[in-house]
Amino acid sequence: MPAVTVSQLSVDPAVALLPEPEPHRLLGSVPPDPVLWPRLHRELVRGRRYNAQATALTRQGRLAVYPSSTGQEACQVAAGLALGPRDWLFPSYRDTLAAVVRGLPPAAALGLLRGDWHTGYDPRAHRVAPLCTPLATQLPHAVGLAHAARLRGDDVAVLGLVGDGGTSEGDFHEALNFAAVWRAPVVFLVQNNGYAISVPLAKQTAAPTLAHKAIGYGMPGRLVDGQDAPAVHDVLTRALARARAGEGPTLVEAVTYRLDAHTNADDATRYRAEDEVAAWRARDPLDLLERELRRAGLLTDEGAADARAEAERTAAELREALGADPALRPADLFAHVYATPTPQLAEQARQFGEAP
């Protein structure tokens with residue numbers, strides 16, 4: 001059999017396209033959508049208040065930790081709104097806001113961070129996988145569900161969220177490789193907020209962009225301005241439609257920035273300068289969208305006040321829900337471990353005074 005060279009291998013030209021040289025943007029370049037853009041704005045206002053309230057509850061000891069998404073809410077809101085009713089969301093620990101926009105009750109999205117059992121909600125009921133704390137381990141699961149849906153002929157697309165730090169994990173490689181080989185209906189959204197805790201992106205990769213990593217797996221890579229909520233929504237909507245049409249996975253990199261520290265346990269002043277943070281504050285996704293809506297006459301002072309009032313109602317719900325002590329059931333320690341309890345588990349339950 002004659003040797004085959006790399007140049008002779010068949011490559012689908014549509015898959016081999018390079019990412020955009022500059023991030024995709026819509027704000028200031030297209031007429032605002034009179035329905036979608038105001039909805040994005042309302043969710044951004046609610047998301048900003050949600051982050052502030054969750055951070056305050058952490059300081060009060062109601063949450064063990066909270067990884068704020070302040071500054072990168074455009075990615076979260078766009079992700080939640082781009083999904084179809086039958087689609088699935090696989091979030092990381094910072095993606096509570098995306099889960100809320102998807103339809104999860106605001107307090108339920110914080111269950112994992114509070115220490116509630118089973119992450120605080122039923123993943124099947126909401127089609128939102130449990131928020132994942134280990135970096136990128138949710139991505140192979142996202143591919144598995146997407147592949148299973150494709151085998152069954154279900155009209156389902158899956159959106160997996162990850163940070164730039166997660167792209168340095170082996171799970172990221174495994175997920176993208178399997179997704180491309182199986183042509184799984186899955187979209188990977190990398191929220192590149194500049195740092196993996198304290199490690200800047202330049203110390204994680206030498207690639208021109210994280211979107212370029214798609215090339216090595218044989219899938220399209222898209223680069224989008226993560227501060228531009230309509231642009232992120234546009235890119236994700238197209239990628240999810242492509243996945244549902246059986247055209248395979250897409251890697252999307254959204255260039256964004258977390259204005260707050262990594263978590264309440266982090267001191268961000270030790271590894272980044274205030275000038276850098278100030279420069280990104282000037283590109284606040286909420287301010288950018290609000291400016292465009294006002295310019296187009298799609299947002300009035302009354303409308304902005306209504307959005308803030310809605311956000312305050314969400315904050316009040318959070319305070320009420322997390323201000324109450326959870327109802328604890330010791331039997332839950334032994335439930336949902338095995339379909340049929342093992343003799344050892346049954347014995348432990350008896351010693352504890354609970355039936356398994």
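**Exercise 1.** Are α6 and α7 roughly parallel or roughly antiparallel to each other?

*Solution.* The model is predicted: local features need pLDDT of at least 70, side-chain atom pairs count only at pLDDT 80 or more, and totals for chains, interfaces and linings use all residues. Residues are numbered from 1 along each chain as its sequence is written, and side-chain values use heavy atoms, with hydrogens and water left out.

Step 1. Locate the helices (DSSP runs of H or I, at least four residues). Helix α6 spans residues 138-152, and α7 spans residues 170-182.

Step 2. Take their axes, lines fitted to C-alpha atoms over the stretch in contact. The axes come within 8 Å and cross at roughly 15°.

Step 3. Angles under 35 degrees count as roughly parallel. Therefore α6 and α7 are roughly parallel to each other.

**Exercise 2.** Which residues of α6 and α7 meet?

*Solution.* Contact means heavy atoms within 4.5 Å. From α6 come L139, P140, V143, H147 and R150. From α7 come D171, F172, A175, F178, A179 and W182.

**Exercise 3.** Place strand β2 (a strand is a DSSP run of E, at least two residues).

*Solution.* Step 1. Find its partners; pairing needs at least two DSSP bridges. Strand β1 (residues 88-90) pairs with β2 in the parallel sense over three bridges. L89 stands opposite L159. Strand β3 (residues 186-192) also pairs with β2 in the parallel sense, over six bridges. Here G160 has F188 as its bridge partner.

Step 2. Check burial (buried: under 20% relative accessible area, 1.4 Å probe, protein chains only). Five of the six residues of β2 (residues 158-163) are buried, so β2 is largely enclosed by the rest of the structure.

Definitions and conventions
Buried means under 20% relative accessible area, exposed over 50%, partly exposed in between (1.4 Å probe, protein chains only). A crossover is right-handed if, with the strands pointing away from the viewer, the path from the first strand over the helix to the second runs clockwise. Axes are lines fitted to C-alpha atoms, for helices over the stretch in contact, and angles run from 0 to 180 degrees between N-to-C directions. Angles under 35 degrees count as roughly parallel, over 145 as roughly antiparallel, 65 to 115 as roughly perpendicular and the rest as oblique.
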